[in-house]
Amino acid sequence: LMAFPWLQQETWDDGTRGGFDSETDASSILDFPHYVELARRGLTPWQGSHALRLLLAGTATGYIEETGGFDTALGGTIAVWMPVLVGSDFFLNDGDTVILLALQSAGPPNEVVVGIRRSGALYQFFAGETGATNTLTITRNDHRWYQLEVVCAIDSGADVGTLDFYVDGGAVGSQITSLDQAAIA
């Protein structure tokens, strides 16, 4: 038998936030639809029968939060992998961003962010400590799942934190170095 190698794995197949600690969605933009609902728009889950879906609307926010399972001490390393589909009807104004993943310390300031932004006519995935440092231009497509991964060595107190960002297994830019981060809470 092999040990379970991940901090957490979630497929949303129970139609809820699953193992995450909480959900905030006052604007009703976040849900976990079944394949039948997604198929009405020509979409499919990446795996299983459900998916986490955000239907963005203006400045509305919706998110799930993990407050214990991702805790990472100073000098520790955390890796997060997630499949993301950016539908063809997804729209941002030039200069707008949407954060898909934020690793936060107590307070809670962002210590690592991964998201989508629009720069001119281009849509891009990005990663950085607090904003877009490394970017990759993408195509919005109802059938294209991207595999996003970040590997973060959290600063041990001497501005030595690093961040590696990968899309579909390939490095996006070079390693981001000299990060000044607090422990992930």
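**View 1. Met 82 in strand S5.** Met 82 is part of strand S5, shown here in a predicted model. With a relative accessible area of 17%, Met 82 is buried, because buried means under 20%. Leaving out residues up to four places away in sequence, Met 82 touches Leu 100, Leu 101, Val 114, Tyr 146, Gln 147 and Leu 148. Glu 149 is 67 residues from Met 82 along the chain, yet the C-alpha atoms of the two are separated by 6.4 Å.

**View 2. The largest nonpolar core.** This core has 34 residues. Phe 125, Leu 148 and Phe 165 are the residues with the most contacts inside it. Two or more residues of the core come from each of these elements: S5, S6, strand S7 (110-119), strand S8 (122-128), S10, S11 and strand S13 (176-179). In soluble globular proteins, nonpolar side chains tend to be buried together.

**View 3. A salt bridge between Asp 31 and Arg 53.** The side chains of Asp 31 and Arg 53 meet here, with a distance of 2.6 Å from N to O. Asp 31 belongs to strand S2 (residues 30-31) and Arg 53 to strand S3 (residues 53-54), so the salt bridge ties together parts that are 22 residues apart in sequence. Are the two partners buried or exposed? Asp 31 is partly exposed, at 24% relative accessible area, whereas Arg 53 counts as buried, at 13%. A search of the whole structure finds 4 salt bridges.

**View 4. A salt bridge between Arg 41 and Asp 89.** In this pair, the side chains of Arg 41 and Asp 89 meet at 2.9 Å, N to O. The two residues are 48 residues apart and lie in distant parts of the chain. Arg 41 is in the loop between helix H1 (35-39) and S3, and Asp 89 is in the loop between strand S5 (77-85) and strand S6 (97-104). Arg 41 is partly exposed, with a relative accessible area of 35%. Asp 89, at 54%, counts as exposed, because the cut-off for exposed is over 50%.

**View 5. A salt bridge between Asp 168 and Arg 144.** The closest N and O atoms of Asp 168 and Arg 144 are 2.7 Å apart, and the two residues form a salt bridge. Asp 168 sits in the loop between strand S11 (161-167) and strand S12 (170-171), while Arg 144 sits in the loop between strand S9 (134-138) and strand S10 (145-153). The pair links distant parts of the chain, 24 residues apart. Asp 168 is partly exposed, with a relative accessible area of 38%. Arg 144 also counts as partly exposed, at 30%.

**View 6. Glu 129, a buried residue without a salt bridge.** Glu 129 is found in the loop between S8 and S9. Which side chain of opposite charge is nearest to Glu 129? That side chain is Arg 117, at a distance of 15 Å; Glu 129 is buried yet has no salt bridge. Setting aside neighbours within four places in sequence, Glu 129 is in contact with eight residues' worth of names listed here: Asn 110, Glu 111, Val 112, Val 113, Leu 163, Leu 179, Asp 180 and Gln 181.

**View 7. A nonpolar patch on the surface.** Leu 52, Leu 54 and Leu 56 form this patch, and together they have about 200 Å² of accessible area. Leu 56 is in the loop between S3 and strand S4 (63-65). The relative accessible area of Leu 56 is 37%, which makes Leu 56 partly exposed.

**View 8. Asp 159 and Ser 178, with positive phi.** Most residues other than glycine have a negative phi. Asp 159 is not a glycine, but has a positive phi of about 55°. Asp 159 lies in the loop between S10 and S11 and is partly exposed, at 37% relative accessible area. Ser 178 is a residue other than glycine as well, and its phi is positive, near 60°. Ser 178 lies in strand S13 and is exposed, with a relative accessible area of 53%.

**View 9. Gly 107 in a loop.** Gly 107 is found in the loop between S6 and S7. At 76% relative accessibility, this glycine counts as exposed. How far apart in space are Gly 107 and Gly 48? Their C-alpha atoms are 35 Å apart, and the two residues are 59 residues apart in sequence.

Note on methods: Residues are numbered from 1 along each chain as its sequence is written. This is a predicted model: local features need pLDDT of at least 70, side-chain atom pairs count only at pLDDT 80 or more; totals for chains, interfaces and linings use all residues. Side-chain values use heavy atoms; hydrogens and water are left out. Helices (H or I, at least four residues) and strands (E, at least two) are DSSP runs, numbered from the N terminus. Buried means under 20% relative accessible area, exposed over 50%, partly exposed in between (1.4 Å probe, protein chains only). A nonpolar core is a set of buried Ala, Val, Leu, Ile, Met, Phe, Trp, Tyr and Cys residues joined through side-chain atoms within 4.5 Å. Lys and Arg count as positive and Asp and Glu as negative; His and the chain ends are not counted. Contact means heavy atoms within 4.5 Å. Patches are made of residues with over 30% relative accessible area and no salt bridge: like charges are joined within 9 Å, nonpolar side chains (Val, Leu, Ile, Met, Phe, Trp, Tyr) within 5 Å. Accessible areas come from the Shrake-Rupley method with a 1.4 Å probe; for residues, only the protein chains shown count as cover.
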